[in-house]
Amino acid sequence: MRYISCIALCILFLIPAVVSAEAKKNRENWTIVPTQNLTVKSKILNRNIRLQVGVPEKYSTEGEKYGVIYYLDAFGYGGTLRETAKWLAVGHEIPELITVGIEMEVNTTEEWFKERSYILTPTRSDIYENFGIVESWTGGGSEFLRCIKDEIIPFIDTKYNTKTNEKTLVGHSFGGLFALYTLFSEPQLFTSYLISSPCLPWDDRVIFKMESEYAQNNKELPSNIFLSVGSLENLPDDMMVHQLRELAAVLELRKYKGLNITSIVFEGESHYAVTPYAFSKGLRVLFPPKSE
């Protein structure tokens, strides 16, 4: 009996080691099931880009074409977005879609934090140095946008059965900032945008300036946009919440032809807790059930 107890005790001590080794292996392989993990060499960024590609269960290379959701920060939010899209499709609340997570080739949270600060910000700024984001890490948004437009999207369209006229961009935080930058820089690139908690205070409200410049020369903005923020995202003086409401009001007042916009403040949710709500509600708003 004592012998059996010793064996049981050894097994209990070994389990954490096995789990730890498996967790490390999964991190190194960057695996989120069920996705295909691909690596693309970007000539524009001179870096490897990792893509998490999820396809519908009945996907066939010879069959139906699907709309595509491109989501940013795959290293941080990929699991949440992919699983949300998958199960909403299972429940017939949204159509089946191909999902593509985009991320720089990183292996640690520290690397991810630094790389995303560069590729997702359209301009250089020191506004968040108190949060550990130094100005020299920022301002690579234009290069990243060219990478998405000229390298990633053509690669996905060549490799998968995609509806090239049905593309959605999803971004949270800096990803939301980048999505808005894309909207006003390359308005024809995506048909829909799911924008969660965008960093609108960035660089003296640069997004508001971009929108104003766009409005001077354009009367159309053919896009479906979902904007959201958590009510507890009260960075100094409630900027995140206040400025999102302000941007939504500006876009509504412009009366851009072809623009459909929905904005929501999720009560009681913080910057880190809000993503599941934003992804779930946003996808259902952008992909409403079709009438029979």
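A residue counts as exposed when its relative accessible area is over 50%, and as buried when that value is under 20%. These cut-offs serve several stops of this tour, which concerns a predicted model.

**Whole chain.** Begin with the full protein, which comprises 8 helices and 8 strands. Of its 292 residues, 48% are buried. The exposed surface amounts to about 14,900 Å², of which carbon and sulfur atoms supply 53%. Among contacts between residues at least 6 apart in sequence, 73% join residues at least 24 apart.

**Confidence.** Colour the model by pLDDT next. The average is 87, and 87% of the residues score at least 70. Then select residues 1-30, where pLDDT stays under 50. For this stretch the model has 11 contacts beyond four places in sequence.

**The sheet.** Select the strands. They form an open sheet of 8 strands in the order S1-S2-S4-S3-S5-S6-S7-S8, with mixed pairing. Strand S1 (36-42) and strand S8 (257-266) stand at the edges; each has a single partner strand, so one side of each lacks a neighbour in the sheet. From one strand to the next, the twist averages 20°.

Within the sheet, select strand S3 (residues 66-71) together with strand S4 (residues 98-104). The two pair in the parallel sense over 4 bridges. Tyr70 is found opposite Val100 in S4.

**Helix H2.** Add helix H2 (residues 74-90) to the selection. H2 lies across strand S2 (47-54), S3, S4 and strand S5 (162-172), and runs at about 175° to S4. On this helix, display Thr84. Because its relative accessibility is 16%, Thr84 counts as buried. Leaving aside residues up to four places away in sequence, Thr84 touches Phe279, Ser280 and Leu283.

**Two positive phi values.** Most residues other than glycine have a negative phi. Two loop positions merit inspection in this respect.

Select Asn46 in the loop between S1 and S2. Asn46 is not a glycine, yet its phi is positive, at about 55°. Is this residue buried or exposed? With a relative accessibility of 55%, Asn46 counts as exposed.

Finally, move to Ser197, in the loop between strand S6 (192-196) and helix H6 (202-217). Ser197 also has a positive phi, of about 50°, although it is not a glycine. Its relative accessibility is 0%, so Ser197 counts as buried.

Technical notes:
Residues are numbered from 1 along each chain as its sequence is written. This is a predicted model: local features need pLDDT of at least 70, side-chain atom pairs count only at pLDDT 80 or more; totals for chains, interfaces and linings use all residues. Side-chain values use heavy atoms; hydrogens and water are left out. Buried means under 20% relative accessible area, exposed over 50%, partly exposed in between (1.4 Å probe, protein chains only). Contact means heavy atoms within 4.5 Å. Accessible areas come from the Shrake-Rupley method with a 1.4 Å probe; for residues, only the protein chains shown count as cover. Two strands pair if DSSP finds at least two bridges between them. Axes are lines fitted to C-alpha atoms, for helices over the stretch in contact, and angles run from 0 to 180 degrees between N-to-C directions. pLDDT is the predictor's confidence in each residue, from 0 to 100.
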